[in-house]
Amino acid sequence: MFGKWKVLGLIAGFLLCAGNLYADEFLSVKAGYQLLTPEGSIAGTINDIGQKVDIDKDLNLDDSEEFTGEVALSWGNSRLSLNYVPIDFSGTGTLSESLVINGQTFSASTDVRSDLTIDLYDLGYTYYLLNFDDLPARVQLGLEVAVKVADADFTIREVGSNLSESESVTAPIPTVGARARIALADYLGISGRIGYMEFDDNHFLDAEAQIEFSPVPMVGIYAGYRYFDLKIDEEDLFVETEISGPFGGVMVRF
């Protein structure tokens, strides 16, 4: 795992560079909280060696409740953003199929304790093809390219014994998509984004919509809904999951 201190360092460095390069431009910082629910399957090997188990029915993973962060810089028709989205699921369930992790078999009908952690780092650039600010509402619509780094770790332990195994993988996934924003007034805006890419048996789809409300200049709140469709098919670890849920927080603008 990259670790949260490195994330803070990345954000601090991004802010420093933004301040030096674009001191006259628009900068926003968001700190939020999210509640995400998982669905899907996981396996310890690829190429169908060993059975895939259901994240919800077999592992009984609980919802993830984590803090998130975003730094975004806008100038002209461009927008540059850095997001950190930590995801942490854990739970205790009973396997309906055997699960193989690092050559170790966890038999069907075994009670297991599982932890699935995904640290998602998202660096994106948007170029607005439409950027109207002389209408009753400001309208922005553009293409977005991004690089997502999914740092995933899966640990499973047999309840009542010392048997445990873990596997981790880091998968960089570029995405291409679109971003739109409508500012109904200086204090109220609605935005949405979607990105997708598939390669080497991996794919990643992320989409979100949110509303921003700034009752006073430079300070506001936001709330929205986020959806991920993630497939990581790498050596010794297979994860195919849909993750979704609400999020919200506070923001400051400069």
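Colleague: Which residues line the second largest cavity, and what makes a residue count as lining?
Modeller: In this predicted model, the second largest cavity is lined by Asn-83, Val-85, Leu-120, Asp-122, Lys-148, Arg-193, Phe-204, Asp-206, Glu-208, Arg-226 and Phe-228. They make the list because each has an atom within 4 Å of a cavity point.

Colleague: How much space lies in it, and why is it called a cavity?
Modeller: About 70 Å³ for the second largest cavity. It's called a cavity because a 1.4 Å probe fits there but cannot get out.

Colleague: How do its lining residues divide by class?
Modeller: Four nonpolar, one polar and six charged. Asp, Glu, Lys and Arg count as charged, so Asp-122, Lys-148, Arg-193, Asp-206, Glu-208 and Arg-226 are the six. Asn-83 is the polar one, because Asn is in neither the nonpolar nor the charged group.

Colleague: Which strand gives the largest share of that lining?
Modeller: Strand 11, with three residues. At least two residues each come from strand 4, strand 7 (111-132), strand 11 and strand 12.

Colleague: And what lines the largest cavity?
Modeller: Lys-30, Thr-68, Gly-69, Glu-70, Asn-83, Tyr-84, Val-85, Glu-208, Gln-210, Tyr-222, Arg-226 and Phe-247. About 100 Å³ of space lies in the largest cavity. Strand 3 (64-75), strand 4 (78-94), strand 11 (202-216) and strand 12 (219-234) each put at least two residues into its lining. Among the residues on both cavity lists are Asn-83 and Arg-226.

Colleague: What makes Gly-69 and Tyr-84 fall where they do in the class count?
Modeller: Gly is counted among the polar residues and Tyr among the nonpolar ones, so Gly-69 goes in as polar and Tyr-84 as nonpolar. The lining of the largest cavity has four nonpolar, four polar and four charged residues.

Colleague: Why is strand 4 called largely enclosed?
Modeller: Buried means under 20% relative accessible area. Strand 4 has 13 of its 17 residues buried, so the rest of the structure largely encloses it. For the whole protein, 46% of the 254 residues are buried.

Colleague: How do you know that strand 4 pairs with strand 3 and with strand 7?
Modeller: Pairing needs at least two bridges, and strands 3 and 4 have seven, so they pair, in the antiparallel sense. Strands 4 and 7 run antiparallel as well, joined by 17 bridges, so they clear that cut-off too. For landmarks, Ala-72 stands opposite Ser-81 in strand 4, and Arg-79 stands opposite Thr-126 in strand 7.

Colleague: What lies between strand 3 and strand 4?
Modeller: Two residues; the two strands form a hairpin, and Gly-76 in the turn has a positive phi of about 60°.

Colleague: Now the largest pocket: why isn't that called a cavity?
Modeller: A pocket is an open set of points, whereas a probe cannot get out of a cavity, so the two terms don't mix. About 610 Å³ of space lies in the largest pocket. Of its 31 lining residues, the closest to the centre are Phe-26, Ser-74, Arg-138, Gln-140 and Arg-181. Strand 9 gives the largest share, six residues, and by class the lining has 12 nonpolar, eight polar and 11 charged residues.

Colleague: And how many helices and strands does the protein have?
Modeller: One helix and 13 strands; from the N terminus, the helix comes before the strands.

Terms used. Residues numbered from 1 in each chain as written. Predicted model: local features only at pLDDT ≥ 70, side-chain atom pairs only at ≥ 80, totals over all residues. Heavy atoms only, no water. 1 Å grid on protein atoms, 1.4 Å probe; cavity = no way out; pocket = protein on both sides within 12 Å on 5 of 7 lines; lining within 4 Å. Points joined across faces, edges and corners; volume = space filled by probe spheres on them. Helix = DSSP H or I, 4+ residues; strand = E, 2+ residues; numbered from the N terminus. Buried < 20%, exposed > 50% of the residue type's maximum accessible area, 1.4 Å probe, protein only.
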